[in-house]
Amino acid sequence: MILVGFQPNPTEANTGLKQNQIWGIKKSLANQTAEKVLKMFHIVSEIDYKLKNGELPAEHILNYTVFKCLSA
């Protein structure tokens with residue numbers, strides 16, 4: 001999403017994605033601001049880090065993700 005959302009002219013060559021994937025991402029980003037997309041990326045990265053380092057038990061991932069995204 002970030003590759004497509006922040007490219008002035010995303011193509012298969014500069015993103016590594018197929019044209020239909022680029023179209024779908026552009027369509028889903030139409031109602032999102034760049035700030036919101038980056039915020040969600042940071043939230044997901046934080047969750048990934050905590051999970052891999054044992055700071056977040058696997059059974060709490062869904063609740064934690066929903067809470068963090070809704071409170072962002």
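The following paragraphs look at how two helices of a predicted model pack together, and at the salt bridges found in and between them.

A good place to begin is helix α4, which covers residues 34–52, together with helix α5, which covers residues 61–70. These two helices pack at an angle of about 155°, and their axes lie 10 Å apart. Since an angle over 145 degrees counts as roughly antiparallel, α4 and α5 are therefore described as roughly antiparallel to each other. The way in which α4 passes α5 is a right-handed crossing.

The side of α4 that takes part in this contact supplies Met 40, Ile 43, Glu 46, Ile 47, Lys 50 and Leu 51, while α5 supplies Ile 61, Tyr 64, Thr 65, Lys 68 and Cys 69. When the residues of this contact are sorted by character, seven are nonpolar, one is polar and three are charged.

The charged residues lead to the next part of the picture. In general, side chains of opposite charge can pair when their charged atoms come close. In this model the count comes to three salt bridges, and it is helpful to follow them one by one.

Glu 46 and Lys 50 meet through their side chains in a salt bridge, with a distance of 3.2 Å from N to O. Both of these residues belong to helix α4, where they are four residues apart, or about one turn of the helix. The side chain of Glu 46 also meets that of Lys 68 in a salt bridge, and here the N to O distance is 3.6 Å. Because Glu 46 lies in helix α4 and Lys 68 lies in helix α5, this pair ties together parts that are 22 residues apart in sequence. Glu 46, Lys 50 and Lys 68 are thus linked in a network of salt bridges.

How accessible are the members of this network? Glu 46 has a relative accessibility of 26% and so counts as partly exposed. Lys 50, at 23% relative accessibility, also counts as partly exposed, and Lys 68 is partly exposed with a relative accessible area of 23%.

The remaining pair to visit is Lys 52 with Asp 48, which form a salt bridge whose closest N and O atoms are 3.2 Å apart. Because Lys 52 and Asp 48 are four residues apart in helix α4, about one helical turn separates them. Lys 52 is exposed, with a relative accessible area of 64%, whereas Asp 48 is partly exposed, with a relative accessible area of 35%.

Notes. Residues are numbered from 1 along each chain as its sequence is written. This is a predicted model: local features need pLDDT of at least 70, side-chain atom pairs count only at pLDDT 80 or more; totals for chains, interfaces and linings use all residues. Side-chain values use heavy atoms; hydrogens and water are left out. Axes are lines fitted to C-alpha atoms, for helices over the stretch in contact, and angles run from 0 to 180 degrees between N-to-C directions. Angles under 35 degrees count as roughly parallel, over 145 as roughly antiparallel, 65 to 115 as roughly perpendicular and the rest as oblique. A crossing is left-handed if the near helix is turned anticlockwise from the far one by less than a right angle, and right-handed if clockwise. Contact means heavy atoms within 4.5 Å. Ala, Val, Leu, Ile, Met, Phe, Trp, Tyr, Cys and Pro count as nonpolar, Asp, Glu, Lys and Arg as charged, and the others, Gly among them, as polar. A salt bridge is a side-chain nitrogen of Lys or Arg within 4 Å of a carboxyl oxygen of Asp or Glu. Buried means under 20% relative accessible area, exposed over 50%, partly exposed in between (1.4 Å probe, protein chains only).
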